[in-house]
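Please find below a colleague's note on the structure shown here. The points are numbered for ease of reference.

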Amino acid sequence: MWGFDDCCSRYQTSDGFVYNHVAKNPSSSSDDNLQKLGFDLDVSTTQQSNASSDDATVIASMSDRLSLRATVKNQATEISEQIKGQINILNVRFAASIYIACRQNGMALSIKDISSVADGAKQSKITSAVRSVVDKLGLPPQLIHIRAAEFAKRYSIDLQMNRQAIKAAEEAAERCTDHVNRSRPPSSIAAAVVYIIAQLSYEKKLLKDIKEATGVHVVNTIKGTYKDLYPHLPKIIPTWFANANDLKKLHSP
């Protein structure tokens, strides 16, 4: 059994033999000195383990604020571990890991959504980090982008619309690509589509309800996208959900 005193510079075996060790580098730690003597104290591993535990706690807290499932939290933690050293700003690394875990689980949480719980991390930095991680881990590039149809499905569910309305919103959003200004973000297209489907449904939603559920807070953005889509509604809205007469009941922008 080994014992030590004098700030770990003097070591004694169980049979009484005393070994004096003088470190050449006065700044080296006692643990380094012990390792030079053949001891396996791997302090760095312990520190890394503690850091990993802290990382997992922060990721779990961020995930809870986003109401994510435990499987997504765990996946985000694993991704964060894989990219350690690549992204030095912790909250950016955590946010990017959560975003990718969400995408891998088919969830349409935007960079904006995740940045809201990322302790001030800028959306541009998170986006850059996501691109870097996708490239490093060899993930499909399409993980980076969320389609309008994915947003439409999420928004419809959040608004507690029925199954038919959810399916119609998803299908309609898929058909919008060629009928809307390309500068419109997918979230805005989805918000406008959900608004249209809601007006065609028996469970009508007010514009303010759509705004709150989608996070597209500028009403004019939804109205502008609605204006883009309006002339093309017969091609966009599934005929099994609404016919030409139903579409005529929608207000002209």
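The points that follow go from the model as a whole to individual residues.

1. Basis of the model. This is a predicted model, in which local features need pLDDT of at least 70 and side-chain atom pairs count only at pLDDT 80 or more, whereas totals for chains, interfaces and linings use all residues. Residues are numbered from 1 along each chain as its sequence is written, and side-chain values use heavy atoms, with hydrogens and water left out.

2. Confidence. The protein chain has an average pLDDT (the predictor's confidence in each residue, from 0 to 100) of 80, and 76% of the residues score at least 70. Two stretches stay under 50: residues 1-31, with 39 contacts beyond four places in sequence, and residues 33-48, with 18 such contacts. A contact here means heavy atoms within 4.5 Å. Where pLDDT is low, the predicted coordinates should not be read in detail.

3. Overall make-up. The protein chain contains 13 helices and 3 strands; these are DSSP runs numbered from the N terminus, helices being H or I of at least four residues and strands E of at least two. Of its 253 residues, 42% count as buried. Buried means under 20% relative accessible area, exposed over 50%, and partly exposed in between, with a 1.4 Å probe and protein chains only. Among contacts with a separation of 6 or more, 62% join residues 24 or more positions apart.

4. Packing of helix 4 on helix 6. Helix 4 (residues 90-104) and helix 6 (residues 123-136) pack at an angle of about 60°, with their axes 9 Å apart. The pair is therefore oblique: angles under 35 degrees count as roughly parallel, over 145 as roughly antiparallel, 65 to 115 as roughly perpendicular and the rest as oblique. The axes are lines fitted to C-alpha atoms, for helices over the stretch in contact, and angles run from 0 to 180 degrees between N-to-C directions.

5. Residues at that contact. Val 92, Ala 95, Ala 96, Tyr 99 and Ile 100 of helix 4 meet Lys 125, Ile 126, Ala 129, Val 130, Val 133 and Val 134 of helix 6. By class, the contact has 10 nonpolar, no polar and 1 charged residues. Ala, Val, Leu, Ile, Met, Phe, Trp, Tyr, Cys and Pro count as nonpolar, Asp, Glu, Lys and Arg as charged, and the others, Gly among them, as polar.

6. Two buried hydroxyl-bearing positions, by name Ser 80 and Thr 225. Ser 80 is in helix 3 and has a relative accessible area of 1%. Beyond four places in sequence, Ser 80 touches Ile 59, Arg 93, Phe 94 and Ser 97. Thr 225 lies in helix 11 (residues 219-229), with 0% relative accessibility. On the same basis, Thr 225 touches Val 180, Arg 184, Ser 188, Ile 189 and Ala 192.

7. Positive phi values. Most residues other than glycine have a negative phi. Ser 67, in the loop between helix 2 (43-65) and helix 3 (70-82), has a positive phi of about 60°. Gln 160, in the loop between helix 7 (148-158) and helix 8 (163-174), has a positive phi near 60°. Are these residues buried or exposed? Ser 67 is exposed, at 64% relative accessible area, and Gln 160 is exposed, at 67%.

8. Ile 157. This residue lies in helix 7 and is partly exposed, with a relative accessible area of 44%. The C-alpha atoms of Ile 157 and Ala 213 are separated by 9.5 Å, the two residues being 56 residues apart along the chain.
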